[in-house]
Amino acid sequence: MKAMAMSEPLSFLKMNGIGNEILVVDMRSRADRMTPQLARSIAAEPRTWFDQMMVLLPPKTPGTDAFMTIFNNDGSLSAACGNGTRCVAAVLFGEGGREALSLETSAGLLNVWRGEGDNVTVDMGQPKLDWRDIPLSEEFRDTRAIELQIGPIDAPILHSPAVVNVGNPHAIFFVDRDPEDYDLARIGPMLENHPMFPERANISLARVMDRGHIVLKVWERGAGLTRACGSAACAAAVSAARKRLTDRRVRVALPGGDLVIEWRDDNHILMTGPYELEYRGEIAAERLAGDAA
């Protein structure tokens with residue numbers, strides 16, 4: 001599919017959610033649309049590099065505030081990005097003085113509200129725990145630990161991950177030492193593209209420090225090593241609680257900072273954390289037209 005050339009400069013906000021690099025692009029009043037090719041090209045420029053690009057579009061469902069299309073830096077689509085959603089919410093809060101919003105993605109509706117200080121809470125919805133919904137290529141009735149390992153069969157480096165879908169597929173390997181001890185930059189791509197995951201997967205290493213504290217390192221599907229991933233933090237918290245390793249409210253420490261994750265009794269996952277605006281900018285129409293050619 002040929003990318004649509006953009007006739008006007010494209011304004012953007014460079015933001016981050018605890019180090020998760022986010023580019024927010026508002027296309028609600030534009031006739032042109034973002035494409036995977038353009039997203040890859042924009043990510044290739046250091047000034048506009050991103051883990052995820054959050055593209056704001058007009059709402060599709062009455063009563064919602066905007067529709068979000070989410071691109072990874074390889075041009076692939078993502079159905080969820082909790083850190084990016086907090087950044088988008090901060091932008092929309094500033095437009096109308098709102099304290100709560102309803103945002104829509106391809107995975108469904110996300111309710112968001114302002115917390116104390118620079119904190120924003122996102123209702124990430126309900127986790128999908130059945131192997132068909134994650135999805136997996138093989139049947140596993142108990143997704144708290146599936147048969148998957150990497151390394152020698154008698155001394156695997158990693159094994160028996162928990163799997164869950166929180167907008168995107170996630171595999172969480174629980175480890176008993178610092179996740180930084182593992183070469184996730186090498187292991188992550190192999191596991192992301194493992195045949196077990198027909199839609200690829202986010203790969204996380206989680207160390208449970210106590211019943212209220214998890215340390216997490218993430219290889220993000222379509223983005224690579226990341227300083228933070230909100231949906232992975234949710235997936236790790238749910239998986240740890242399912243395995244009775246933690247309580248249902250935990251602090252998840254990622255390289256970029258901490259998130260508070262609460263898996264409520266109604267099965268909804270609440271994610272709370274800060275956001276930061278780094279700078280504003282625009283991409284010239286001439287460059288965008290060249291990228292689309």
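Let me start with Asn-267, which at 21% relative accessibility counts as partly exposed, because buried means under 20% relative accessible area, exposed means over 50%, and partly exposed is what falls in between, using a 1.4 Å probe and protein chains only. This residue lies in the loop between β17 (257-263) and β18 (269-274), where strands (E, at least two residues) and helices (H or I, at least four) are DSSP runs numbered from the N terminus. Asn-267 has a positive phi of about 80° although it is not a glycine.

I should say here that this is a predicted model, in which local features need pLDDT of at least 70 and side-chain atom pairs count only at pLDDT 80 or more, while totals for chains, interfaces and linings use all residues. Residues are numbered from 1 along each chain as its sequence is written, and side-chain values use heavy atoms, with hydrogens and water left out.

Ile-18, in the loop between β1 and β2, also has a positive phi, of about 45°, and is not a glycine; at 7% relative accessibility, Ile-18 counts as buried. On the backbone there is also a cis peptide bond from Ile-134 to Pro-135, with omega near -10°, and Pro-135 lies in the loop between β8 (119-123) and β9 (149-150).

Turning to the rings, which residues form an aromatic pair? Ring centres of Phe, Tyr and Trp (its six-membered ring) must lie within 6.5 Å, and planes under 30 degrees apart count as stacked, over 60 as edge-to-face and the rest as tilted; by this rule the count comes to one aromatic pair. That pair is Phe-12 with Tyr-279, edge-to-face, at 6.3 Å centre to centre and 80° between the planes. Phe-12 lies in strand β1 (residues 10-17) and Tyr-279 in strand β19 (residues 276-283), so the pair ties together parts that are 267 residues apart in sequence. Phe-12 is buried at 3% relative accessibility, whereas Tyr-279, at 31%, is partly exposed.

Two arginines sit over rings, by the rule that NZ of Lys or CZ of Arg is within 6 Å of the ring centre and within 35 degrees of the ring normal. Arg-177 lies over the face of Tyr-182, 4.3 Å from the ring centre, and the charged end of Arg-248 is over the ring of Trp-263, 4.0 Å from its centre.

Next, helix α2 (residues 82-96), whose 15 residues reach 22 Å from the first C-alpha to the last, close to the 21 Å expected at 1.5 Å a residue, the expected span being 1.5 Å times one less than the number of residues. The helix α2 is mostly covered, with 11 of its 15 residues buried, among them Arg-86, Leu-92 and Phe-93. Just after α2, Gly-97 takes a positive phi of about 70°.

Finally, which strand gives the most to the lining of the largest pocket? A pocket is an open set of points on a 1 Å grid over the protein atoms alone, with protein on both sides within 12 Å along at least five of seven lines, and lining residues have an atom within 4 Å of a point. About 300 Å³ of space lies in the largest pocket, the volume being the space filled by probe spheres set on the points, which are joined across faces, edges and corners. Of its 18 lining residues, the closest to the centre are Ala-107, Met-124, Lys-128, Val-166 and Gly-167, and strand β7 (residues 108-114) gives the most, with three residues.

Definitions and conventions
1 Å grid on protein atoms, 1.4 Å probe; cavity = no way out; pocket = protein on both sides within 12 Å on 5 of 7 lines; lining within 4 Å.
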